[in-house]
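Please look at the model below and follow it from one part of the chain to the bound ligands. The report keeps to what can be read from the atoms.

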Amino acid sequence: MTTFHDFLRGNQRFLLTGHENPDGDCLGAEVALWHLLRALGKTVNIVNPDPIGRSFDFLQRHTPFSHARPDEPLPDFDAVVLLDCCQLSRTGLLGPRLVQKKPTFAVIDHHVGSERGDGSICYVDSTAAATGALVRRLYRELDVPLPMAAAEGIFLSLVADTGWFRYSNADQEVFAMASELVAAGVDGSRIYDALYRRNHPDSAGLLADALHRHRLALGGKLAIACLDKALMDRAARADFDTDAVLDPLRSLEGIEVVALLKERFDGTVKCSLRARGDVDVQAIVATFGGGGHKKAAGVTMRMPMAAAEAAIEAAVQQSLLALGGTKRT
Ligand code: 5GP
Ligand code: MN
């Protein structure tokens, strides 16, 4: 059986990619793997389905990113590594273009069930807090020293997926890695400022308007916010991350689940669920074809917003009932 190490050592030209709208974990893990493969003497290109968001552009001072453009050929590659997701369907229109070249597909991921994804070879641990933490493990296993740029990528992965060390996945490995990364020179507060303190002037208004779209349901256990195309368009123009509404809603006493529904330009609805307490939101979105973790999961729903809203509310209600009950108010 080929080990993941053999896969990395045995191929020469790699293409690294991840899910649409790459987040901090996905991008940070790509940065770290890019530098690992370069240290092993490989040719590596990061090609994502979407451009790197403005708040992440500080990564480009040490790591080159590109995204797939329909009118431009892809760089040459023999092996593809999917990071922070395990299905080619999550890479949008890029997926079929990758398949055409018949590369070896590998997966590095920490989502539930990722060993059953599209990789013929996997490096998966669903107990890991972030994909970046898995790439850190690979450095150690291959005995490659961690360069500063990779340390910054891994730090970004950790803070992205643990909510700056606040979520229940912020375990001992996370704090031990963070300590080592800071010792290696990573400046956490500079990364924080780069990510969150360069917001467009309209972003405070956008946050207020997005929060206004929420309602409480199921006896105050579900907070659900629906953002229509008009608001999403305004958010896109201001490069505003609408996920900012999740935390204030999650802070309300009595809340078990927060649902954020965003209307996309292609008519689909992107639904993000966050749990507090015992509800398993990964199990809820799995019934609609999505995935993620027990306390943070997502899915793209091919139905109008009102139908998606009703379906999510019903599914959350079922799950609460199964856990011991609530009555619709
Ligand atoms: P978010 O709600 O922030 O998009 O995602 C929460 C978690 O669920 C992340 O770990 C993300 O990778 C995962 N996730 C989001 N959308 C999907 C989806 O459509 N399919 C799968 N399998 N996982 C998703
Ligand atoms: Mn992740």
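Leu-8 counts as buried, because its relative accessibility is 0% and buried means under 20% relative accessible area. In this predicted model, Leu-8 has its place in helix H1, which covers residues 4-10. Leu-8 and Ala-79 are 71 residues apart in sequence, and from C-alpha to C-alpha they are 9.0 Å apart in space.

**The manganese ion**

Which residues coordinate the manganese ion (ligand 2)? The donors are the OD atoms of Asp-25, Asp-84 and Asp-161 together with NE2 of His-110, and they stand at 2.1 to 2.3 Å. Read along the chain, the donors of the manganese ion (ligand 2) follow the spacing D-x58-D-x25-H-x50-D. His-110 lies in the loop between strand E5 (104-109) and strand E6 (121-124), while Asp-161 belongs to helix H5 (residues 148-162), so this pair ties together parts that are 51 residues apart in sequence. With a relative accessibility of 0%, His-110 counts as buried, and Asp-161 is also buried, at a relative accessible area of 16%.

**The shell around ligand 1**

Ligand 1 is surrounded by 15 residues, and the closest are His-111, Lys-270, Ser-272, Arg-274 and Gly-298. Three of these closest residues appear in the table, each with a distance to an oxygen atom of ligand 1.

| Residue | Atom of the residue | Distance to an oxygen atom of ligand 1 |
|---|---|---|
| Ser-272 | polar side-chain atom | 2.6 Å |
| Arg-274 | N or O atom in the side chain | 2.7 Å |
| Gly-298 | backbone N or O atom | 3.2 Å |

Taken alone, ligand 1 exposes 490 Å², and the protein buries 82% of that area.

Where in the chain does the shell around ligand 1 come from? Strand E10 (269-275), strand E11 (291-292) and strand E12 (296-301) each supply at least two of its residues, and the largest share, five residues, comes from E12. Considered by domain, the shell around ligand 1 draws at least three residues from domain 1 (4-196) and at least three from domain 2 (203-322). By chemical character, the residues of this shell divide into nine polar, three nonpolar and three charged.

How values were computed:
Residues numbered from 1 in each chain as written. Chains lettered and ligands numbered in written order. Predicted model: local features only at pLDDT ≥ 70, side-chain atom pairs only at ≥ 80, totals over all residues. Heavy atoms only, no water. Near = heavy atom within 4 Å. Polar contact = N/O pair within 3.5 Å; in protein donor to acceptor, adjacent residues only side chain to side chain. Areas by Shrake-Rupley, 256 points an atom, 1.4 Å probe, with all protein chains shown as cover. Helix = DSSP H or I, 4+ residues; strand = E, 2+ residues; numbered from the N terminus. Nonpolar A, V, L, I, M, F, W, Y, C, P; charged D, E, K, R; others polar. Domains from an automatic or database assignment. Donors = N, O, S within 2.8 Å, 3.2 Å for Na, K, Ca; no water. Buried < 20%, exposed > 50% of the residue type's maximum accessible area, 1.4 Å probe, protein only.
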